[in-house]
Amino acid sequence: MPDPDQTLNCQGLNCPMPIVKIAKTIKKMESGQTLEVTATDPAFQADLNAWSKKTRNPIVEFSAEDVLRALIQKA
Amino acid sequence: MSRPAIDPIPEFDPKLEALVEQIVDRKLAEALGDVNSRLEDAFSRLKEVEEASIAQRVTIVVFSGDFDRLIAAFIIANGAVAMGMDVSMYFTFWGLTALKKETKYAGKSIAEKMVSLMMPTGPGAVGTSRLNFLGVGPAFFKMLMDQNHVETLPDLIEVAKDLEVKMIACQMSMGVMGIKKEELLDEIEYGGVATYLGDASDSRVTLFI
């Protein structure tokens, strides 16, 4: 699995900050690049799914171990 | 001598006629088929564009000056921007407190000064809508928010400014609440009810908080 182009640590941040930060970071990225986000917000998975659907940036991977981890690609 | 008979219209050989019809049908279908599918394509794309442009707007009337309600308003506004939507917030009456950076008394009438005195000085000092307990309530809620890693109200307002949420102050209620432009944030716009209704009628999400 190639390394993500950027990483974003949203651990300790709760709604709405994780998706706000993701939106801001993705805006500055190139199409096709990937962003890895880690978070502890319990609402993160639901919010990220809604955000991904609305903004049409796909979630490539999602895992929930000690922290929630998502790999998003800019469309 | 009788006139020569007009030649009767020759009848097509039925087989020939059928063949011609077949060919014409086929040619028409080929030509129109292409046009029809492109037309359908164009219409569905147009519909998408129309829906997308309306769906992208959120308009929020911020009428309340309560701590809890203002937090909800700003969380929704910031979240909406993160989802790629355009957000306008209309601050009126008690909601104007969220936009205050300082309180000034100079140049106000007695009534205006009294109202200013009784109002919170800014978003950092607003009370909760319930369980306020003379100000102890908000202190507890702020502590709980900190424990739950929720941003403070002044921080949420900063985030909204940073995300370029359109913040519009209602001119009419400013006069009624004894608030002057100099007391409010510099980055806001001013408007009236028509400004709000124009935005709201184009928005998919309209809220009154």
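How many bridges join strand E2 (residues 86–91) of chain B to E3(B), and do the two strands run parallel or antiparallel? In this predicted model, four bridges join E2(B) to E3(B), and the strands run parallel. This pairing offers a convenient way into chain B, from which the account proceeds to the interface and then to chain A.

Within the pairing of E2(B) and E3(B), B:Met89 stands opposite B:Met167. Strand E3(B), which comprises residues 166–170, is mostly covered, with four of its five residues buried. On E3(B) there is a further pairing, with strand E4 (residues 189–191) of chain B. Three bridges join E3(B) to E4(B), and these strands also run parallel. Here B:Ala169 stands opposite B:Tyr190. Strand E3(B) is thus paired both with E2(B) and with E4(B).

The residue B:Met89 leads from the strands to the nonpolar core. The largest nonpolar core holds 53 residues, and those that touch the most other members are B:Val62, B:Leu70, B:Phe74, B:Ala77, B:Met89 and B:Phe91. Helix H2(B) supplies the largest share of this core, with ten residues. In soluble globular proteins, nonpolar side chains tend to be buried together. The surroundings of B:Val62 illustrate how parts of the sequence meet. When residues up to four places away in sequence are set aside, B:Val62 touches B:Leu70, B:Ala73, B:Met89, B:Tyr90, B:Phe91, B:Gly95, B:Ala98 and B:Ile209.

Chain B as a whole may now be considered. Its secondary structure consists of seven helices and five strands, arranged from the N terminus as α-β-α-β-α-α-α-β-α-β-α-β. The radius of gyration of chain B is 33 Å, well over the 17 Å that the globule rule gives for 209 residues, so chain B is more spread out than a compact globule. Along its principal axes, the C-alpha trace of chain B spans about 120 × 45 × 25 Å. The domain assignment divides chain B into domain 1 (12–53) and domain 2 (56–208). Between the centres of these two domains, taken over C-alpha atoms, there are 56 Å. Of the 209 residues of chain B, 27% count as buried. Among contacts in chain B with a separation of 6 or more, 74% are between residues 24 or more positions apart.

Two loops of chain B contain residues with a positive phi. B:Phe93, located in the loop between E2 and helix H3 (110–118) of chain B, has a positive phi of about 50° although it is not a glycine. B:Phe93 has 17 C-beta neighbours inside 10 Å and therefore counts as partly exposed. B:Glu164 lies in the loop between helix H5 (153–162) and E3 of chain B. Its phi is near 60°, again a positive value in a residue other than glycine. With 11 other C-beta atoms within 10 Å, B:Glu164 is exposed.

The contact between the chains takes 13 residues from chain B and 13 residues from chain A. On the side of chain B that touches chain A, helix H2 (residues 67–82) gives the most, with five residues. By class, that side has seven nonpolar, five polar and one charged residues. Helix H2(B) accordingly appears in two settings, as the source of the largest share of the core and as the element that gives the most to the side of chain B touching chain A.

Chain A comes to two helices and four strands, following the pattern β-α-β-α-β-β along the sequence. The radius of gyration of chain A is 11 Å, close to the 11 Å that the globule rule gives for 75 residues, so chain A is as compact as a globular protein of that length. Its C-alpha trace spans about 30 × 25 × 20 Å along the principal axes. Buried residues make up 32% of the 75 residues in chain A. Of the contacts in chain A with a separation of 6 or more, 62% are accounted for by residues 24 or more positions apart.

Strand E3 (residues 59–64) and strand E4 (residues 68–73) of chain A pair in the antiparallel sense over five bridges. Within this pair, A:Ser63 stands opposite A:Arg69, and a hairpin joins E3(A) to E4(A) through three residues. Elsewhere in chain A, the peptide bond from A:Cys15 to A:Pro16 is cis, with omega near 0°. A:Pro16 is found in the loop between strand E1 (6–10) and helix H1 (17–27) of chain A.

How values were computed
Residues are numbered from 1 along each chain as its sequence is written. Chains are lettered from A and ligands numbered from 1 in the order in which they are written. This is a predicted model: local features need pLDDT of at least 70, side-chain atom pairs count only at pLDDT 80 or more; totals for chains, interfaces and linings use all residues. The radius of gyration is taken over C-alpha atoms; the globule rule is 2.2 Å times the number of residues to the power 0.38. A residue is buried if 20 or more other C-beta atoms lie within 10 Å of its own, exposed if 12 or fewer, and partly exposed in between; C-beta atoms are placed from the backbone. Two residues are in contact if their C-beta atoms, placed from the backbone, lie within 7 Å. Ala, Val, Leu, Ile, Met, Phe, Trp, Tyr, Cys and Pro count as nonpolar, Asp, Glu, Lys and Arg as charged, and the others, Gly among them, as polar. Domain bounds come from an automatic or database domain assignment. A nonpolar core is a set of buried Ala, Val, Leu, Ile, Met, Phe, Trp, Tyr and Cys residues joined through C-beta atoms within 7 Å. Two strands pair if DSSP finds at least two bridges between them.
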